[in-house]
Amino acid sequence: MSGPVLIGDAMTGGYGAADILHDCTIAVEKGQIAVIVGPNGAGKSTAMKAVFGMLNIREGQVRLNGRDITKLTPQARVAQGMAFVPQTSNIFPSLTVEENLEMGAFLRRDDFRTTMEQVFDLFPILRDKRRQAAGELSGGQRQQVAVGRALMTQPSVLMLDEPTAGVSPIVMDELFDRIIEVARTGISILMVEQNARQALEIADKGYVLVQGRNRFTDTGQALLADPEVRRSFLGG
Ligand SMILES: Nc1ncnc2c1ncn2[C@@H]1O[C@H](COP(=O)(O)OP(=O)(O)O)[C@@H](O)[C@H]1O
Ligand SMILES: [Mg+2]
């Protein structure tokens, strides 16, 4: 089927009286990486929440494989193949790594051990630390737990809100490599990133959001080459 796997189409809405998103459109194609960048408070996390159903939009639509899912709860969206790693509180710190992954599989009735092995193959350190409390791990390792937990539902679309927040450049590169690896398996990635330059390098599609609106939309490479995008959003 053609067209995006997932699209938040012309979304307008917010948390209360005032709208945060204004006619905002975000989409990702199958097996591709779409990246949302923009200043603090631009509405990046809000756009992710809207796409995942954690925020009701007043106008616009969310479609998954062409189907209108605007009214579905987040849990129903998970059942339809979406997974979301929020910006904060994305692991259970007191549970072990393995228990975190098991929690990720909560909707599954089948044997999820194969998927857990795939997560361990992707993030081998988690196999070594599977009996440790997730809260004891390093920041980068905790992000691996969060991504791994999201993968336990075998999603077709993986949404990540700032997966590299607070990690070193080396750990960030490593995590981006793993995200590319996930995309190569056919899983679509929709990701918010503060490390805009590095994220756009791996992005098939990039969105620059400003004050809840689409400011620039293009391929990652084109955005990286755009003088205005560079000057205003990438530090020159
Ligand atoms: N739960 C909330 N209730 C009310 N306003 C919020 C809430 N979360 C975020 N906002 C506001 O929405 C705007 C966009 O925030 P956010 O989507 O978190 O931006 P970003 O992720 O781009 O930094 C900000 O003005 C923020 O203060
Ligand atoms: Mg945010």
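Which residues of the largest nonpolar core touch the most other members?

**View 1. The largest nonpolar core of this predicted model.** Among the 67 residues of this core, those that touch the most other members are Ala-47, Leu-158, Met-159 and Ile-189. When its neighbours within four places in sequence are left aside, Ile-189 is in contact with Val-28, Ile-33 and Ala-34, with Leu-158 and Leu-160, and with Ile-179, Val-182 and Ala-183. In soluble globular proteins, nonpolar side chains tend to be buried together.

**View 2. The open sheet and helix α1.** Four strands follow one another in the order β2-β1-β4-β5, and their pairing is antiparallel. The edge strands, β2 (21-28) and β5 (67-68), each pair on one side only. Strand β1, which covers residues 6-13, pairs with β2 over 5 bridges, and in one of these strands, β2, Cys-24 is the bridge partner of Met-11. Helix α1 (residues 44-52) packs on the sheet, where it touches β1, β2 and β4 (59-64), and its direction makes about 115° with that of β1.

**View 3. Helix α6 and the elements around it.** The 13 residues of α6 (residues 139-151) should span 18 Å at 1.5 Å a residue, and the end C-alpha atoms are 19 Å apart, which agrees. This helix is mostly covered, since 11 of its 13 residues are buried, including Gln-141, Arg-142, Val-145 and Leu-151. The buried residues of α6 pack against the strands β6 (82-85) and β7 (157-161), and also against α3 (97-104), α4 (113-122), α5 (124-128) and α7 (169-184).

**View 4. The annotated span.** An unreviewed UniProt entry carries the annotation "domain: ABC transporter" for residues 5-236. The end C-alpha atoms of this span lie 33 Å apart, and the span is 37% helix and 24% strand.

Definitions and conventions. Residues numbered from 1 in each chain as written. Chains lettered and ligands numbered in written order. Predicted model: local features only at pLDDT ≥ 70, side-chain atom pairs only at ≥ 80, totals over all residues. UniProt positions renumbered as here; feature names shortened; annotations may be inferred. Helix = DSSP H or I, 4+ residues; strand = E, 2+ residues; numbered from the N terminus. Expected span 1.5 Å × (residues − 1). Buried ≥ 20, exposed ≤ 12 C-beta atoms within 10 Å, placed from the backbone. Contact = placed C-beta atoms within 7 Å. Core = buried A, V, L, I, M, F, W, Y, C linked by C-beta atoms within 7 Å. Pairing = 2+ DSSP bridges. Axes fitted to C-alpha atoms, helices over the stretch in contact; angles between N-to-C directions.
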